[in-house]
Each structure stands twice: as C-alpha cells, then as structure tokens.
Amino acid sequence: MEPEFPEGEDKPVVHATINGLAVEAEANETILHCARRHGIYIPTLCELDDIDHTPGTCRVCLVEFNVPGNGKYKLATSCNTPVVEGMDVQTRSPRARQAQRLQVELLMADHRQDCATCVRHGNCELQDVAQFVGLHQNRFFEPSRVAAREIDASSPAMIRDMTRCIRCQRCVAICRDGQGVDALIQVGTGQDKAVGLRYGLSQKESTCVTCGQCVLVCPTGALGERDETDKVLDMIYDPDIVTVFQFAPAVRVAFGEEFGLPPGTNVQGQIITALKRIGADIVLDTNFGADLVIMEESAELLKRLHAGKRPTFTSCCPAWINFAERHYPEILSYLSSTKSPMQSMGVICKTYLPQKMGVDPKKVRTVAIMPCTAKKDEATRLQLQLDGMAEIDTVLTTREFARLLRREGINIARLEPSPFDNPYMSEFSGAGAIFGTTGGVMEAAVRTMYYVANGKEYDRIEFEQLRGFDGVRAATVDMGGSIGEVRVAMCHGLRPTRQIVEDVLAGKSAFDFIEVMACPGGCVDGGGNLRSKKAYMPNAQKRRATLYNVDRAQKVRQSHNNAQIKALYRDFLDAPYSDKAHHLLHTMYNDRKLTLTRTVNEIWGDITMSTMVYDPNV
C-alpha cells in the first residue's frame with residue numbers, strides 16, 4: 001500500500017536503481033510497490049495490495065539487493081522490504097530467478113498436481129507464477145503430505161480444499177480485517193500450517209457466514225463454491241422436468257467480462273438467449289422478485305413504524321442473515337420477515353406460475369443464478385420449503401454459470417439478445433434493478449413506501465442521499481403524511497454492519513430502517529461473482545453505474561407500478577402483507593450463536609501476520 005503523508009507536506013524521496021533503471025521511491029515504500037510504479041514486474045502470490053496484505057509468506061517475490069557499505073548482495077522479499085537510499089535491486093539476476101523458482105517448487109511440494117480438475121484451471125495465479133519462473137519439475141512433491149491435508153465439504157455453499165492452499169493468508173485477512181467475521185484462522189506450525197476454522201469446527205458449524213469474500217481473494221482453487229453444474233444439466237436434459245431459471249440483477253452487469261466484454265456491460269438479453277439455447281424451459285428475472293419484496297417489505301415497515309417498532313433491518317441478503325443468527329441473535333426481532341427476492345420468486349414459481357401455465361408444480365425445478373455463495377446456503381434452509389418442496393432447487397453462482405456455458409460451447413459475446421417472454425413474471429421496474437448495489441434496496445423501498453403512505457408518487461425518483469460507497473451512510477427522508485421523516489442507514493460489508501448492530505442493541509441508534517448487504521459494494525461484488533487476479537473489487541463502480549442506467553431506462557421505475565406485480569396480487573395474493581402473502585412470502589430466523597474466545601497466541605499471530613519484518617540495513 002502506498003505510504004500516506006499529511007496534505008501539503010513534501011514526500012521524502014529515496015533514490016535507488018532497479019535492474020539498472022534509476023528510480024525514486026517514497027519513504028518506507030517497498031521494493032515491490034516501487035517496482036510496480038515503474039512498470040517492473042515481480043512475481044507475487046500472498047501479497048494483495050487492494051486489501052493491504054503483504055505477509056511475505058510465499059517468498060515468491062524474492063529479489064537481490066545491495067546497499068552502500070554492505071559489500072555483497074542479499075536476498076529479500078520485495079513485498080515487505082523498504083527501498084533505502086542508494087539501494088541497487090536486481091529482480092532478474094540468475095540468483096533471484098533461481099530463488100523464485102525454488103520457492104514455487106516448494107509451494108508445490110504438498111499441492112495437488114491435477115490442475116485440470118481444479119475450478120481455477122487456466123485462471124490461477126499459482127499457474128501464472130509457475131510459468132513466469134520457468135518451473136519445469138517438482139523435485140519435492142510428496143503425495144502423502146497432500147493426502148494428509150484437509151478437504152472440508154460440510155457446507156452446502158462452499159468447499160475448503162487445503163490440498164490446493166498455498167498459505168497466503170489472504171482469506172484470513174479479508175475475513176478478519178475486511179469483514180470482521182474472524183471465522184478463519186491459521187492452524188498448525190511449519191509444514192503442517194494451514195487455514196482452519198476456530199476451535200477446529202467444520203465450515204458448516206463455524207461462525208462463517210458464507211459471504212464468499214475469501215473466495216474472491218484466494219489465488220488458487222483452495223476456496224470455492226460447491227459446484228452444481230451437473231445437477232442443473234441433469235434437470236435440463238430430463239424431459240419430465242420443467243426448468244424455471246431466474247438470474248439476479250447483478251449477474252447481467254458482472255458477467256460479460258468472462259467472455260471478453262468490457263466490465264459493467266449489460267448482457268441481460270444474451271443471458272436469456274444462452275439459457276434458452278441450453279434448454280431452459282422458462283427464463284425469469286429476479287428483478288420481478290425484487291419488486292415483489294418491495295411490496296411486502298414496504299407494507300411491513302409501515303406497519304412497524306405505526307406501531308412504534310424501530311428499527312427494521314432488511315432481510316434480502318443471506319450472508320447478513322447468517323451473520324445475525326450466528327453473531328447477534330439478539331437482533332433477530334428487528335429483521336424484516338420478508339423473504340429474499342430469490343426465495344420469493346421460488347415460491348411463486350411453484351404456486352402461481354404453474355397455476356397460470358397449467359403445469360404440475362411437482363415437475364417444476366427452480367434454478368437461480370446468483371452473484372452470491374450464501375444463496376446456496378439460503379436455499380437449503382428448512383423454513384424455506386413449501387409443503388416439503390424446496391422453493392429453490394439449485395443455486396448456481398456466476399462462476400458456475402460461466403463454467404456451464406463453456407461446457408455447452410456457448411460464448412455470450414457472440415449471441416444476439418432475447419427479451420423475457422413469460423406473460424406472468426417477466427416485467428420489472430427500475431427499482432428492482434438497483435437491488436444489486438448498496439443503497440438500492442433502500443431507494444426502491446422509499447419510492448413505494450411514499451406511494452403507499454400518501455396515495456401519490458414521490459415528486460422525485462432518484463435519491464442521491466441514499467447512494468454512495470461509504471461503509472455506512474445515513475440519511476433522512478420525508479415520507480409525508482402520518483409517517484413524517486424516516487431516518488435510514490445503508491451498510492455494506494460486515495465490519496461496519498457490526499458497529500451499527502451494536503449501536504442498536506445498546507440503544508444508541510436512532511434509525512428507523514437499515515439496509516444491510518454483507519458484501520462490500522453489494523451484490524455487484526458478491527462472493528459468487530467472477531474472480532479477478534491480483535485485484536479485489538476492481539469493477540465495482542462500472543457495474544454499479546450500469547445498474548443505475550438500467551433503472552433510468554425503464555419506463556416503470558417503481559415496484560408498485562409493475563403491471564404483472566399488480567396482477568399477481570389481484571389474481572393470487574390478494575394484497576401486500578395479506579394472510580396468503582404472509583404465508584408464502586415471509587419467514588422466520590433461528591438463534592445459532594456460537595460463543596468463541598481467542599487465546600493470546602492467536603492474537604499475537606494476527607498482529608504479526610502482515611508486518612514489515614525485514615530491515616535492509618541489517
């Protein structure tokens with residue numbers, strides 16, 4: 001991370017050379033950072049600048065250096081060694097290249113060698129580095145050590161495969177420092193060192209909330225979603241099954257880059273075409289479910305406000321629900337009972353849609369394409385079943401969907417777009433589209449709550465005070481009538497959410513309505529999205545901007561003006577928050593809290609995990 005200095009103060013300059021090129025470095029700037037600024041590549045694996053993570057554990061970034069008066073060149077990790085005056089650095093000397101190659105070979109000693117079966121094959125940072133250093137053999141490979149490493153497949157959402165782990169600790173850092181969940185820790189010592197869960201718990205039983213941010217930063221295939229592409233193919237090719245697909249608002253703006261399109265490109269129409277081509281019977285938009293959720297959640301919130309019950313938390317993010325149940329069950333009574341858009345779509349697809357289309361509900365299989373690993377966990381919740389049937393049969397992350405299309409030989413960049421064509425559940429409002437970004441749920445809710453409370457439209461459509469990218473944002477919205485001013489907050493990322501929750505429990509919060517999205521940036525950067533090598537959330541703003549443009553392009557921009565939503569209530573649900581709507585579209589939560597403590601040794605290990613440890617003058 002670049003050093004920071006007080007505004008207006010001149011930055012101290014250090015003079016050095018890298019591979020014979022004269023460079024200027026800032027005080028305490030690392031060799032790696034300085035080299036990057038000057039276009040000089042040094043291989044890395046554990047380091048990830050976007051999250052300020054430079055533990056130096058992989059040692060792949062070794063370089064040779066010398067400083068005046070030291071006499072001979074030394075090897076050092078460039079990610080945590082600062083540039084000093086007069087330093088000469090060699091990144092491609094025979095000794096440096098040999099050291100880098102040796103480090104990669106050692107990393108591969110207990111790493112599974114069947115790369116072709118790995119979900120990261122062809123998109124793996126370890127493979128890239130191995131090619132860069134010229135790795136041609138693996139003299140130290142020990143199959144017995146690989147066999148002894150843990151594979152945790154207990155979670156319905158994620159697989160933790162330590163046979164592919166290189167001990168970079170990125171996952172530990174993002175879980176602890178980025179999300180504040182602190183479920184992942186380092187276990188063991190020496191060659192037995194690995195990433196585990198606190199108290200030796202399994203992934204399923206731990207405090208992990210399956211947000212998937214650890215997956216986004218993992219450089220290899222050690223962390224990933226539970227792959228269910230074959231399950232979906234089985235459904236598609238079963239002639240007795242009616243497959244109903246839905247895809248989330250964030251998917252259409254966070255998928256095109258997999259096929260070479262610019263980040264943020266809206267590929268909604270191409271996704272519809274692709275799904276039809278692989279055999280999907282019905283293709284729907286989760287945005288319809290978002291409009292439905294707004295109708296229910298707005299009615300629920302207004303009822304709670306009239307009853308003086310404050311605050312109400314949104315409930316559409318499953319990782320946030322997991323966080324509340326596992327870390328703060330005291331907050332559960334404050335959560336909206338409205339199901340998520342995905343689950344709301346699922347239950348309607350197995351009741352209303354079959355009724356309208358003359359299809360046997362028992363033959364319907366619902367598949368949701370989501371930018372989220374926690375959605376897999378959500379779909380298995382026992383309280384989200386309808387008469388013994390799962391509301392959602394399978395969830396595919398965006399990454400799985402990409403693999404599915406590649407397996408079927410489909411490149412969406414070459415497809416013509418198609419429209420949604422179901423006469424009952426195809427329409428969506430602009431409000432539904434912005435569910436995919438932080439603040440979007442709140443803005444969509446405000447548009448409809450005002451109408452419900454006042455019987456007329458708000459004189460504004462867009463609410464800039466609800467937008468932004470700070471971890472916590474607060475605003476006051478005048479809802480008029482008997483409601484008056486409503487104090488709202490938007491949180492994205494679980495670290496800032498934790499503080500909001502603790503303020504509510506301590507009686508320090510004055511908010512009426514709080515939106516929470518567990519993933520920083522919201523669903524557009526959810527844990528099920530495409531991975532970016534050596535980067536964290538690089539395309540957030542472009543994806544976000546496209547969702548707002550989708551909203552602006554819609555003729556209908558409020559959920560309550562969606563004609564098919566109106567028909568759904570008229571023909572089936574009666575009214576928002578009716579008995580039937582409450583039975584089908586609302587849920588309950590469970591206290592699943594685990595009480596964990598930390599040892600002094602664990603705390604010390606965390607403190608020293610990412611610290612500059614090498615003094616080049618010694």
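Arg467 and Glu443 are both buried in this predicted model, and they pair up in a salt bridge whose closest N and O atoms sit 2.8 Å apart. Glu443 belongs to helix α16, while Arg467 comes from the loop between α16 (440–454) and β18 (472–478), 24 residues away along the chain. The pair isn't on its own: salt bridges with shared partners tie Glu443, Arg447, Glu462, Glu464, Arg467, Asp551, Arg552 and Arg557 into one network.

Across the whole structure, the search turns up 48 salt bridges. Take Lys376 and Glu400, with 3.0 Å between their closest N and O atoms. Here helix α13 (residues 374–379) supplies Lys376 and helix α14 (residues 398–407) supplies Glu400. Lys376 counts as buried because its relative accessibility is 3%, and Glu400 is buried too, at 0%.

Now for a pair that spans a lot of sequence. Asp128 and Lys533 meet at 2.7 Å, N to O, although 405 residues separate helix α3 (residues 125–132), home of Asp128, from the spot Lys533 holds in the loop between β20 (513–517) and α18 (540–553). Asp128 is partly exposed, at 36% relative accessibility, and Lys533 is partly exposed at 32%.

What about empty space inside? There are seven cavities of 30 Å³ or more, and the largest has a volume of about 280 Å³. Its lining takes in 22 residues, with Cys316, Cys317, Pro318, Lys375 and Cys523 nearest the centre. Helices α9 (286–306), α10 (318–327) and α11 (341–349) each give two or more residues to that lining, which breaks down into 17 nonpolar, four polar and one charged.

Back on the surface, Leu102, Leu106 and Phe140 make a nonpolar patch with about 220 Å² of accessible area together.

How values were computed: Residues numbered from 1 in each chain as written. Predicted model: local features only at pLDDT ≥ 70, side-chain atom pairs only at ≥ 80, totals over all residues. Heavy atoms only, no water. 1 Å grid on protein atoms, 1.4 Å probe; cavity = no way out; pocket = protein on both sides within 12 Å on 5 of 7 lines; lining within 4 Å. Points joined across faces, edges and corners; volume = space filled by probe spheres on them. Helix = DSSP H or I, 4+ residues; strand = E, 2+ residues; numbered from the N terminus. Nonpolar A, V, L, I, M, F, W, Y, C, P; charged D, E, K, R; others polar. Patch = residues over 30% accessible without salt bridge, like charges linked within 9 Å, V, L, I, M, F, W, Y side chains within 5 Å. Areas by Shrake-Rupley, 256 points an atom, 1.4 Å probe, with all protein chains shown as cover. Salt bridge = Lys/Arg side-chain N within 4 Å of Asp/Glu carboxyl O. Buried < 20%, exposed > 50% of the residue type's maximum accessible area, 1.4 Å probe, protein only.
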